[in-house]
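Trainee: I would like to go through this model step by step. Please keep the answers short and reasoned.

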Amino acid sequence: MKPLSSVLSKILILYFIYTIPVKNEVVSKIRQALSGAREVSILTHTNPDGDAIGSALALYHFLRAKGINAHVLLPSMYPDFLAWMPEVANSVIFEDDEELCGRYLSESDMVFCVDFNSPDRLDGMEKMLELSKATTVLIDHHVDRGHFCDLAYKSIHVSSTAELIYRFIEELGEQAQVDATMATCLYVGIMTDTGSFSYACNSSDTFRVVSALMALGVDAEHIHRMVYDTYSEERLRLLGFCLSDKLMVMPEFGTAYIALSQKELERFHYKNGDTEGVVNYTLGIKGIVFGALITERKDRIKISLRSKGNFDVNRIAVEHFNGGGHKNASGGDLYCSFDEAVKLFRSIIPMYGVELKKAKE
Ligand code: 5GP
Ligand code: MN
């Protein structure tokens, strides 16, 4: 009988033989498309977070440095805590200027879709994208939701889209072109998508990329302060209100959630991004493996889900909330009343009772 190590090494060799050429083929097709591109649009998901903005801006600076006329097009406004990021103010916000977005998209030879993998996350912009004749390229790290772009550079085994962008540039053989500005943008993406290196980063690859970014002049301490220590007073008070008055704990199911109505959000003069990170606090309780934040928005109910360990919230987001994401961090939307949404959320918990109990162990 062959020793296990030799069988394993054969499997590994076969894995590399079959996966690397596939990836290289994608990269060489993207390289080819880029070589003829003059105008490029970079799109992210609605309510863009640090990874979406960091990835889009890094790509924007990378393409501009190549002489390509790149534009970042956002379905909705970026949060205040990212307003300092290099040239984020040059982004076109679809909500504010549909015409300019449409013009840039129609003039583009290529469109990059970063940090999302389903057109429904474009919140209205998807109709414009459908009309585009450009080559579309996906760069993303979410659980697959079906074919969407002409070319896809993706993996669910990376911390963030920002990490993937760096690896993509490496595979293009152009890492020498990454400068301190691009590195800063990528660092923001990795830092925010890993909760400051506390989840989705159990990989030496992530830290290898971070180390390369640091060597390019990233000021990690400054970035941390700019992203996490620049709350408005109201945002911090909203967090306090969530934790003291709104946190609901269902210990028998290892579940905790916070539900915020539009009226409650208005009381704290809610702005885009003000509830970012609130859901993570639910997992701070010992024995809690599943956490949620339910917020009533103008036109929908937004659901954010988080979990510890093996409890898969992507499945819950797909099955119940028209959404998706990752195993431990997902989200979705409901189109019903706020009370109905909370009721629905509570009603699905017992269905996962066995899995939740297992995850608690
Ligand atoms: P968050 O809870 O921070 O808004 O999102 C957590 C994760 O779930 C992110 O990776 C995000 O991309 C994904 N996500 C959030 N909302 C949605 C949604 O409405 N649809 C899908 N497919 N994914 C979402
Ligand atoms: Mn991301």
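**Sheets, helices and rings**

Trainee: How many bridges link strand 5 and strand 6, and which residue stands opposite V137?

Mentor: This is a predicted model, so the answers hold for the prediction. Strand 5 covers residues 135-140 and pairs with strand 6 in the parallel sense. The pairing runs over 4 bridges, and the residue in strand 6 opposite V137 is L151.

Trainee: Which strands are the edge strands of the open sheet with parallel pairing?

Mentor: The sheet has 6 strands in the order 3-2-1-4-5-6. An edge strand here pairs on one side only. That describes strand 3 (92-93) and strand 6 (151-154).

Trainee: At what angle does helix 2 run to strand 2?

Mentor: Helix 2 is made of residues 50-65 and lies across strand 1 (39-43), strand 2 (69-74) and strand 4 (110-114). Angles go from 0 to 180 degrees between N-to-C directions. For helix 2 and strand 2 the value is about 165 degrees.

Trainee: Is helix 5 mostly covered or mostly open, and how many of its residues are buried?

Mentor: Helix 5 spans residues 161-172 and has 12 residues. A residue is buried when its relative accessible area is under 20%. Among those that meet this in helix 5 are L164, Y166 and F168. The helix is mostly covered, and the count of buried residues is 10 of 12.

Trainee: What is the reach of helix 5, and which residue follows the helix?

Mentor: From first C-alpha to last, helix 5 reaches 16 Å, close to the 16 Å expected at 1.5 Å a residue. The residue after helix 5 has a positive phi, near 80 degrees, and is G173.

Trainee: Why does the pair F197 and F207 count as tilted?

Mentor: The structure holds 9 aromatic pairs. In the pair of F197 and F207 the ring centres are 5.8 Å apart and the planes stand at 45 degrees. Stacked needs under 30 degrees and edge-to-face over 60, so what remains is tilted.

Trainee: Where do F197 and F207 lie, and how far apart in sequence are the parts they tie together?

Mentor: F197 is in the loop between helix 6 (180-193) and helix 7 (204-215), while F207 is in helix 7. F197 has 23% relative accessibility and counts as partly exposed, and F207 also counts as partly exposed, at 40%. The parts that the pair ties together are apart in sequence by 10 residues.

Trainee: Over which ring does the charged end of R235 sit?

Mentor: For an arginine, CZ has to be within 6 Å of the ring centre. The charged end of R235 is 3.8 Å from the centre of its ring. The ring belongs to Y231.

Trainee: Which strands stand at the edges of the sheet with mixed pairing?

Mentor: This open sheet has 6 strands in the order 7-8-9-10-12-11. A strand at its edge has a single partner strand, so one side is left without a neighbour in the sheet. The two are strand 7 (247-250) and strand 11 (324-325).

Trainee: In which sense do strand 10 and strand 12 run?

Mentor: Strand 10 covers residues 301-307 and strand 12 covers residues 329-334. The two are joined by 6 bridges, and R306 stands opposite A329 in strand 12. Their sense is antiparallel.

Trainee: How many residues lie between strand 11 and strand 12 in their hairpin?

Mentor: Strand 11 and strand 12 are joined by 2 bridges and run antiparallel. The bridge partner of G325 in strand 12 is S330. The number of residues between the two strands of the hairpin is 3.

Note on methods. Residues are numbered from 1 along each chain as its sequence is written. Chains are lettered from A and ligands numbered from 1 in the order in which they are written. This is a predicted model: local features need pLDDT of at least 70, side-chain atom pairs count only at pLDDT 80 or more; totals for chains, interfaces and linings use all residues. Side-chain values use heavy atoms; hydrogens and water are left out. Two strands pair if DSSP finds at least two bridges between them. Contact means heavy atoms within 4.5 Å. Rings of Phe, Tyr and Trp (its six-membered ring) pair if their centres lie within 6.5 Å; planes under 30 degrees apart count as stacked, over 60 as edge-to-face and the rest as tilted. Buried means under 20% relative accessible area, exposed over 50%, partly exposed in between (1.4 Å probe, protein chains only). A charge sits over a ring if NZ of Lys or CZ of Arg is within 6 Å of the ring centre and within 35 degrees of the ring normal. The expected span of a helix is 1.5 Å times one less than its number of residues.
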